Amino acid sequence: MSTRRRDVSPPGRRSVRGPEIAELRAFCSAVDLGTVGKAAVSLKISQPALSKRLRTLEAAAGTQLLERSRRGVAPTAAGRRLYPEARRLLEQADVIERLLESAPREQEPIELAVSHTIAEFFLPPELVAYQADGRRPAVQLTIANSSAVRRMVSEGRASIGIAAAGPGSGQDGADELEELELLGDEVVVAVPQDHAWYRRKQIPQKLFLDTPMVMRDHDAHVRRAVEAVLADHGLTMADPLIEAASTAVAKREALQRSAPVLLSALSLDEARDRLYRRPVAGLSFPRRFVVVCRSLASLPRQDRDFLDFIRRRRNQQSS
């Protein structure tokens, strides 16, 4: 589901669009095969179409990702940094596509709407485990921000949702929805190793509030959760250094700019991301993820079985 974005960013800010799967496939194929022509043949699209995808990806990245010559293409330094993360995301997308394609079609699909954080950092292994025996119904997945997930469930466009709750959820609406606790989370500050805060055990509150940093856009619950906690304390933050349209873009911008970034704790793997969590004196930004539906009692049996499965697995992992 697409959500409405503001057309004009405030002066001094650049809103960064997240990459499309097709663009990442074009990039990785070009790197793997060494020429745009071979990549186009591999993906069964025209060479101009593949070149357009590469140009769009580079425009979104704000930098050149491929060096082009008569002999072919090779990744730039920025392209080499992007490649392993793009490949990992494509592998996850392939897993989900295979699961959805191979699921039995004689049953109605489970209509599931989830937040971006859940889709990327929680759900893939749960779907793999759920459909491992090949007999369970397909899952029709929609990914949106938490507010949109709640609206979809409230309006009947999804039977189940997984959305963020806690500070900053007051504008989500759909108060009539029933909720089930799923897992806890927290919005944290993370910094690259070459940033001055890396050497601090704790960030002074005033320094945190006065420092522009990489943030998600206004529609993201990560951003709203932080702003809600600060408002309760009568505090405000500096304007963002940059507003990112996705977690992956936020991480990339933090590394490239050597800047602090606000992230979901669920999304942060310090060793992989090369970003390191640092607490803020006197402040924390807890939140949680909940399952939402219009009525637990009236859910179809297969939907209830799916919820029982993922909640049982979560409890086992937590114990």
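**Exercise 1. Disulfides and cysteines**

Find how many disulfides the chain holds in this predicted model, and state whether Cys 28 and Cys 293 are buried or exposed.

*Solution.* Begin with the criterion, which asks for a pair of cysteine sulfur atoms within 2.5 Å. By this rule the count comes to zero disulfides. Next, take the two cysteines in turn, bearing in mind that buried means under 20% relative accessible area. Cys 28 has a relative accessible area of 1%, so it is buried. Cys 293 also has a relative accessible area of 1%, and it is therefore buried.

**Exercise 2. Residues with a positive phi**

Determine in which loop Lys 44 lies, in which loop Ser 258 is found, and how exposed or buried each of these residues is.

*Solution.* Start from the general expectation, which is that most residues other than glycine have a negative phi. Against that background, the phi of Lys 44 is near 60°, a positive value in a residue that is not glycine. Locate Lys 44 along the chain, and you find it in the loop that runs between α2 (36–43) and α3 (47–61). The relative accessibility of Lys 44 is 76%, and because exposed means over 50%, Lys 44 counts as exposed.

Now repeat the steps for Ser 258, which is not a glycine either and has a positive phi of about 50°. Ser 258 belongs to the loop between α10 (247–257) and β10 (261–264). With a relative accessible area of 23%, Ser 258 is partly exposed.

**Exercise 3. The chain as a whole**

Describe the secondary structure of the protein chain, and work out how its radius of gyration stands against the globule rule.

*Solution.* First count the elements, which come to 12 helices and 12 strands. The radius of gyration is 21 Å, close to the 20 Å that the globule rule gives for 319 residues, so the chain is as compact as a globular protein of that length. Taken along the principal axes, the box filled by the C-alpha atoms is roughly 65 × 55 × 40 Å.

Then consider the contacts between residues at least 6 apart in sequence, of which 76% join residues at least 24 apart.

**Exercise 4. Interior, surface and charges**

State what share of the residues is buried, what share of the exposed area carbon and sulfur atoms supply, and how far apart the mean positions of the positive and negative charges are.

*Solution.* Of the 319 residues in the protein chain, 47% are buried. Turning to the surface, the chain exposes about 15900 Å², and carbon and sulfur atoms supply 49% of that area. Finally, the chain has 49 positive and 41 negative charges, and their mean positions are 6 Å apart.

Definitions and conventions: Residues numbered from 1 in each chain as written. Predicted model: local features only at pLDDT ≥ 70, side-chain atom pairs only at ≥ 80, totals over all residues. Heavy atoms only, no water. Buried < 20%, exposed > 50% of the residue type's maximum accessible area, 1.4 Å probe, protein only. Helix = DSSP H or I, 4+ residues; strand = E, 2+ residues; numbered from the N terminus. Rg over C-alpha atoms; globule rule 2.2 N^0.38 Å. Contact = heavy atoms within 4.5 Å. Areas by Shrake-Rupley, 256 points an atom, 1.4 Å probe, with all protein chains shown as cover. Lys, Arg positive; Asp, Glu negative; His and termini not counted. Charge placed at Lys NZ, Arg CZ, Asp CG, Glu CD.
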